[in-house]
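Student: Got a minute to walk through this one with me? I'd like the overall build, then a few residues.
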Amino acid sequence: MPLYELRTYTLVVGKMQEAIQCYKTLGWPALKKAEDKLVGYFIGDVGAMNQIIHVWRFDDDADRRAHWERVFADPDFMEFAKAFRPLVISQENKLMVNAPWGEAP
């Protein structure tokens, strides 16, 4: 059964443009190595101000854990994380499964 991970980063007010630039120059070049697992990235608009939200799809929890282990072992990603973390106030992760009446992509 597929497992989805919803990650929400709430940023320091006024730091969205810096975060976007950080993702463009460091984050996405590192993360696109694993883009087969990515459902999408989103930027909060109404009600989710100052948030970067992303959703990942995994085969199961073992697949999820292996994915993040590979990501955090990547020096390019760790360079991004070092630059990005000071822009973040909080991080929230949620694990989700498909509802029994429909399946997500």
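Tutor: Start with a term: accessible areas here come from the Shrake-Rupley method with a 1.4 Å probe. The model is a predicted one. Its chain has an accessible surface of about 6600 Å².

Student: What share of the accessible surface belongs to carbon and sulfur atoms?
Tutor: They hold 57% of the surface.

Student: How many helices and strands does the chain have?
Tutor: The chain has 3 helices and 4 strands. In sequence order the pattern reads β-α-β-β-α-α-β. The radius of gyration is 14 Å, close to the 13 Å that the globule rule gives for 105 residues, so the chain is as compact as a globular protein of that length.

Student: What box do the C-alpha atoms fill?
Tutor: Roughly 40 × 35 × 20 Å, along the principal axes.

Student: And what percentage of the residues is buried?
Tutor: Buried residues are 40% of the 105. As for contacts with a separation of 6 or more, 73% of them join residues 24 or more positions apart.

Student: Switching to pockets. What volume does the largest one have?
Tutor: The largest pocket has a volume of about 180 Å³. It is lined by 14 residues, and the closest to its centre are Tyr9, Phe77, Phe84, Arg85 and Gln91.

Student: Which elements give two or more residues to that lining?
Tutor: Strand S1 (3-11), helix H1 (16-31), helix H2 (61-73), helix H3 (75-84) and strand S4 (88-96). H3 supplies the largest share, 4 residues.

Student: How does the lining split by class?
Tutor: There are 10 nonpolar, 2 polar and 2 charged residues in the lining.

Student: Now H1. Is Ala19 buried or exposed?
Tutor: Ala19 sits in helix H1. It is buried because its relative accessible area is 0%, and the cut-off for buried is under 20%.

Student: What is Ala19 in contact with, neighbours within four places aside?
Tutor: Leu11, Ile52, Phe84 and Leu87. Phe84 is also among the residues closest to the centre of the largest pocket. Separately, the C-alpha atoms of Ala19 and Ala83 are 8.9 Å apart, with their positions 64 residues apart in sequence.

Student: Where does Gln21 sit, and how far is its C-alpha from that of Phe84?
Tutor: Gln21 is in helix H1 too. Its C-alpha is 9.9 Å from that of Phe84, and the two are 63 residues apart along the chain. Gln21 counts as partly exposed at 44% relative accessibility.

Student: And Gln17, buried or exposed?
Tutor: Gln17 is exposed, since its relative accessible area is 59% and exposed means over 50%. Gln17 belongs to helix H1. The C-alpha atoms of Gln17 and Asn50 are separated by 9.9 Å, at 33 residues apart along the chain.

Student: What is the phi of Asn50?
Tutor: Positive, about 60 degrees, although Asn50 is not a glycine. Most residues other than glycine have a negative phi. Asn50 lies in the loop between S2 and strand S3 (51-58). It is partly exposed, with a relative accessible area of 22%.

Student: Next along is Gln51. Which residues does it contact, beyond four places in sequence?
Tutor: Gln51 is in contact with Thr8, Tyr9, Thr10, Met16, Phe42, Ile43 and Gly44. Its place is in strand S3. At a relative accessible area of 18%, Gln51 is buried. From Gln51 to Met96 it is 19 Å, C-alpha to C-alpha, and 45 residues in sequence.

Student: Change of topic: His67. Which element holds it?
Tutor: Helix H2 holds His67. His67 counts as buried because its relative accessibility is 1%. Outside its neighbours within four places, His67 contacts Ala34, Lys37, Trp56 and Phe58.

Student: Is Lys37 itself buried or exposed?
Tutor: Lys37 counts as buried, at 13% relative accessibility. It lies in the loop between H1 and strand S2 (38-43).

Student: What does Lys37 touch, past four places in sequence?
Tutor: Val55, Trp56, Arg57, Phe58, Asp59, Asp63 and His67. Trp56 and Phe58 are also among the contacts of His67.

Terms used:
Residues numbered from 1 in each chain as written. Predicted model: local features only at pLDDT ≥ 70, side-chain atom pairs only at ≥ 80, totals over all residues. Heavy atoms only, no water. 1 Å grid on protein atoms, 1.4 Å probe; cavity = no way out; pocket = protein on both sides within 12 Å on 5 of 7 lines; lining within 4 Å. Points joined across faces, edges and corners; volume = space filled by probe spheres on them. Nonpolar A, V, L, I, M, F, W, Y, C, P; charged D, E, K, R; others polar. Buried < 20%, exposed > 50% of the residue type's maximum accessible area, 1.4 Å probe, protein only. Contact = heavy atoms within 4.5 Å. Rg over C-alpha atoms; globule rule 2.2 N^0.38 Å.
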